[in-house]
Amino acid sequence: MVTAAGAAFAGFLLLVLLVVATDGASTWLDGDLTPSLWAWASQDAGRWSAMRVLTRGGEAIFRTLVIAPLVIVGLLRRRVAVATWAGLCGFSYGLVSSAAKAIIGRPRPVGADPELTFQESSFPSGHSGGAMVVAIIVACAVGMSLRGVARVAVIVLSSALPVVVGFTRMALGVHYLSDVLAGFALAFAWAMLLAVVVRQAAGRLCGAAPPVVRKE
C-alpha cells in the first residue's frame, strides 16, 4: 500500500508540474478533448441531462449516502478498522481536494458554467476524486468480503463510477482530462495513505484478521 500510495502521488505531482508549466492552460495531454465532448453533449438535450445526473456520482452528498451506511454496518459487525478507514477517506477527501485546488489555482476551461461547479479552481477534479474514493471504499469494504462472481461484479461496477463521473466532468465542459486524472491519483494516494495509517493503528484492514501466532 505504501508503494501504491507513493506511485499515485508521484503521478499527481507530475500532473501538477505539467499544469504549472502551461500556466494553467490546456496541456498536450488535454488536447481538444473537453471542447469536443462538450460539443457532443450539448447538442442533445437528453445527453446533456444524462451528464448532469451522472455527474452527481462525484458529489459529497452521494459519498455520504454510500459511505455512511458502510461505516455503520462495519461498526455493528465489529470491523472497526474498516469502518474507521472508510469514514476517514470519505469525509476527509473533500478537504484535501479543496486545499489542492486553492494551492494550484488552475482556471476552469473557457466557457465553463459556474452552476456546474463548486469552486473556481479546476485542478484537481473534486468530483472525479470523490467518485474514486467511493469506488475504492466499496471495492474494499464490500467487494473484498465477497467471493467469486459477486466479488468481481462489485469491484467492476464500483470501478466504473469514477470513469463515468470523470467523463461527465469533461462533457459538461468544466474540467480538462488532466484535472480528472489528477483527481483519480490524489484520491487513490490519499486512500492508500489512510489505509497504511489505520493498518498500523489497528493491525488489520478490509476485514483481514491479524496473523495468528502459533505456540510451539
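The side chains of Arg108 and His175 meet in a polar contact of 3.0 Å. That is a good place to start in this model, which is a predicted one. Arg108 also reaches the backbone of a second residue: a polar atom of its side chain lies 2.9 Å from the backbone oxygen of Val174. Along the chain, Arg108 and Val174 are separated by 66 residues, yet their C-alpha atoms are 6.1 Å apart in space.

Where does Arg108 lie? Follow the chain out of helix H5, which spans residues 80-104, and you come to Arg108 in the loop that leads to helix H6, residues 126-141. Is Arg108 buried or exposed? Its relative accessibility is 15%, and because buried means under 20%, Arg108 counts as buried. So we have a loop arginine that is buried, with its side chain in polar contact with that of His175 and a side-chain polar atom 2.9 Å from the backbone oxygen of Val174.

Stay in that loop for a moment, as Ser121 is found there too, between H5 and H6. Ser121 has a relative accessible area of 16%, so this residue is also buried under the 20% cut-off. Which residues does Ser121 touch, leaving aside those up to four places away in sequence? They are Lys101, Gly105, Arg106 and Arg108. Arg108 is thus a link in our tour: Ser121 touches Arg108, and the side chain of Arg108 makes a polar contact with that of His175.

Now step back to the whole chain. It has eight helices and zero strands, so reading from the N terminus gives α-α-α-α-α-α-α-α. The radius of gyration is 18 Å, close to the 17 Å that the globule rule gives for 216 residues, so the chain is as compact as a globular protein of that length. Measured out along the principal axes, the C-alpha atoms fill a box of roughly 70 × 40 × 25 Å. Buried residues account for 45% of the 216 residues in the chain.

Contacts across the sequence round off the picture. Of the contacts in the chain between residues at least 6 apart in sequence, 77% join residues at least 24 apart. The accessible surface comes to about 11,400 Å², and carbon and sulfur atoms contribute 69% of that area. As for charge, the chain carries 17 positive and 10 negative charges, and the mean positions of these two groups are 20 Å apart.

Definitions and conventions: Residues are numbered from 1 along each chain as its sequence is written. This is a predicted model: local features need pLDDT of at least 70, side-chain atom pairs count only at pLDDT 80 or more; totals for chains, interfaces and linings use all residues. Side-chain values use heavy atoms; hydrogens and water are left out. Helices (H or I, at least four residues) and strands (E, at least two) are DSSP runs, numbered from the N terminus. Buried means under 20% relative accessible area, exposed over 50%, partly exposed in between (1.4 Å probe, protein chains only). A polar contact is a pair of N or O atoms within 3.5 Å; within protein, one must be able to donate a hydrogen and the other to accept it, and residues adjacent in sequence count only if both atoms are side-chain atoms. Contact means heavy atoms within 4.5 Å. The radius of gyration is taken over C-alpha atoms; the globule rule is 2.2 Å times the number of residues to the power 0.38. Accessible areas come from the Shrake-Rupley method with a 1.4 Å probe; for residues, only the protein chains shown count as cover. Lys and Arg count as positive and Asp and Glu as negative; His and the chain ends are not counted. The place of a charge is taken as NZ of Lys, CZ of Arg, CG of Asp or CD of Glu.
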